[in-house]
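I opened this notebook to record what I looked up in one structure. The entries follow the order in which I took up each topic.

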Amino acid sequence: MELITKAPKGTIDLTPAQTAKWQQAERALAEEARLNGFAEVRTPAFEHTELFQRGMGDVTDVVEKQMYTFLDKAGRSVTLRPEGTAGAVRAMLENGLYNGGYPVKLYYNIPCYRYEKPQAGRLREFRTFGVEVFGAAEPAADAQLIAMALSAFQRMGLQDVGLQLNSIGCPACRKEYHQALKAYFSSHSESLCQTCLSRLERNPMRILDCKNPDCQKLAADAPKISDYLCPDCQAHFAQVQACLDALGISYQLDSGLVRGLDYYTRTVFEFPSESLGFALGGGGRYDGLVEEMGGSPTPALGFGLGMDRIMLALEKQGVPFAQPEKPEVYIAAMGGQAQAKALALTDRLHKCGIAADCDICGRGLKAQMKYAGKTGAKYSMVLGEDELAKGKASIKNMASGETGEIGIEDSFVDDYLTYSTQQDDLKF
Ligand code: HAM
């Protein structure tokens, strides 16, 4: 029975009380995206498995251990998306979005799936707000993107978000770095976990983000990529910092920050939350990925914000949320004819953009009025035989108790608007 009464491990329900809060945060993010010229892209929740293996790198924790991969009924291997970047790149190429000219700026707000050990801020189904910019090589693009993320945090009301910054160079400077890492970890191979031993040859940089405590201890003293950057990557990183300085954005340089996905080049960053103790989001440049996926060489960059973590941080910091929307008017009815009339009147109000409700549960008048009070409606009306005969009904301001009378035939919406405007004016 538990299988049908409990959501799968690592997944959560968002109840109406929560979705009202989520929508507030999502509106702030969508507004930030609009201000920065981003348009929304919606891609499938599952893709060909090869897309993620190729995109994120097959020697990464996500691809090696965390993907929800299965064969469909035709025997094709498909994977529930563990992140948004690979799908966005595929969609950009497949739909020729570059034909409209660069930069292409896309955003998405999507559920992602990773088979992880669930804990605070770590779920198996989690939601990501992400943005991707294609065709922008300038360091100014990196700084603009970081400024946008920080401004989005502010817009949502978050105070304690930091910025950690690093450059992990390009494939040219990383060749020498990989050799240095290999030499270092080989000389301590007895302390490496099995997974990292297998990474030693194939992708030594991924040892740096292993969660095993022994590997982490070794990683702390490993050679730093910052000592191996080529002159071009050094100049790019210096200019990113100059742009951030010009924007008045403070940051912490963290030469140990490499991110857990293979596609990153040059600038990488994370946004740690001081109160939660983990990152709310992260991102960086991925100048080689579009070509890797079959497109022309195209510089690109982006970030992903963990919405579940952002909501935890908003709650923890006590950021106020707007009250859930209430119906403006509740129309109670006695008898079948009055009920049909109440239905028609609420429908007319809806068509004018006014939130209104009436009984659909067969309650008596007293219970309807109690329900109207519970919904928090500003005004209530009662319709019965008399009101139908007169073509008029009383309307009550639920807070002040003041009553008025309005027509319920042709003049209904006009009368309602006149009454409600008068009531609003009375407040001042
Ligand atoms: P990521 O750092 O793997 O990057 O994920 C982005 C954010 O998603 C994380 O900082 C975290 O807040 C949230 N997140 C990740 N895994 C979980 C989880 N299991 N439960 C809850 N939240 C989680 C990416 O995915 C890149 N695609 C970001 C990017 C976009 N880079 C360039 N463009």
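**Entry 1: Glu 291.** I began with the contacts of Glu 291, which touches Ser 296 and Pro 297 when residues up to four places away in sequence are not counted. I note here that the model is a predicted one. Glu 291 is part of helix α11. I then asked whether Glu 291 counts as buried, exposed or partly exposed. Its relative accessibility is 47%, so I entered Glu 291 as partly exposed; the class lies between the limits of 20% and 50%. I also looked up the separation of Glu 291 from Thr 346: the two are 55 residues apart along the chain, and their C-alpha atoms are separated by 56 Å.

**Entry 2: helix α2.** I checked the length of helix α2, which covers residues 16–35. With 20 residues at 1.5 Å a residue, the helix should span 28 Å, and I found its end C-alpha atoms 28 Å apart, so the two values agree. Which residues of α2 are buried? I listed Ala 20, Trp 22, Ala 25, Ala 28, Leu 29, Glu 32 and Ala 33. I recalled that an α-helix has 3.6 residues a turn, so residues three or four places apart point the same way. I next looked up what covers the buried residues of α2; the cover includes the strands β5 (104–113), β6 (125–134) and β11 (300–306), and also the helices α6 (139–156) and α12 (307–316). Just after α2, I noted that Gly 37 takes a positive phi of about 80°.

**Entry 3: aromatic rings.** How many aromatic pairs does the structure hold? I recorded 13. For the pair of Phe 134 and Tyr 286, the ring centres are 6.3 Å apart and the planes stand at 80°, so I classed the pair as edge-to-face; the class requires planes over 60 degrees apart. Phe 134 lies in strand β6, whereas Tyr 286 lies in the loop between β10 (279–285) and α11 (289–292), so this pair ties together parts that are 152 residues apart in sequence. I looked up the accessibility of both partners. Phe 134 is buried because its relative accessibility is 0%, and Tyr 286 is buried with a relative accessible area of 1%. Ring pairs also link Phe 134 and Tyr 286 with Tyr 263 and Tyr 264 into a cluster.

**Entry 4: backbone angles.** I started from a general point: most residues other than glycine have a negative phi, and most peptide bonds are trans. I therefore searched for departures from this pattern. Arg 259 has a positive phi near 65°. I located Arg 259 in the loop between β8 (252–253) and β9 (265–272), and its relative accessibility of 17% makes it buried. Arg 266 has a positive phi near 55°. Arg 266 lies in strand β9 and is buried, with a relative accessible area of 17%. Where is Pro 103? I placed Pro 103 in the loop between α5 (85–94) and β5. The peptide bond that joins Tyr 102 and Pro 103 is cis, with omega about 0°.

**Entry 5: the start of the chain.** I closed with a surface patch. Met 1, Leu 3 and Ile 4 form a nonpolar patch with about 470 Å² of accessible area together. Met 1 belongs to the segment before α1 (2–5). I entered Met 1 as exposed because its relative accessibility is 74%.

Terms used. Residues are numbered from 1 along each chain as its sequence is written. This is a predicted model: local features need pLDDT of at least 70, side-chain atom pairs count only at pLDDT 80 or more; totals for chains, interfaces and linings use all residues. Side-chain values use heavy atoms; hydrogens and water are left out. Helices (H or I, at least four residues) and strands (E, at least two) are DSSP runs, numbered from the N terminus. The expected span of a helix is 1.5 Å times one less than its number of residues. Buried means under 20% relative accessible area, exposed over 50%, partly exposed in between (1.4 Å probe, protein chains only). Contact means heavy atoms within 4.5 Å. Patches are made of residues with over 30% relative accessible area and no salt bridge: like charges are joined within 9 Å, nonpolar side chains (Val, Leu, Ile, Met, Phe, Trp, Tyr) within 5 Å. Accessible areas come from the Shrake-Rupley method with a 1.4 Å probe; for residues, only the protein chains shown count as cover. A salt bridge is a side-chain nitrogen of Lys or Arg within 4 Å of a carboxyl oxygen of Asp or Glu. Rings of Phe, Tyr and Trp (its six-membered ring) pair if their centres lie within 6.5 Å; planes under 30 degrees apart count as stacked, over 60 as edge-to-face and the rest as tilted.
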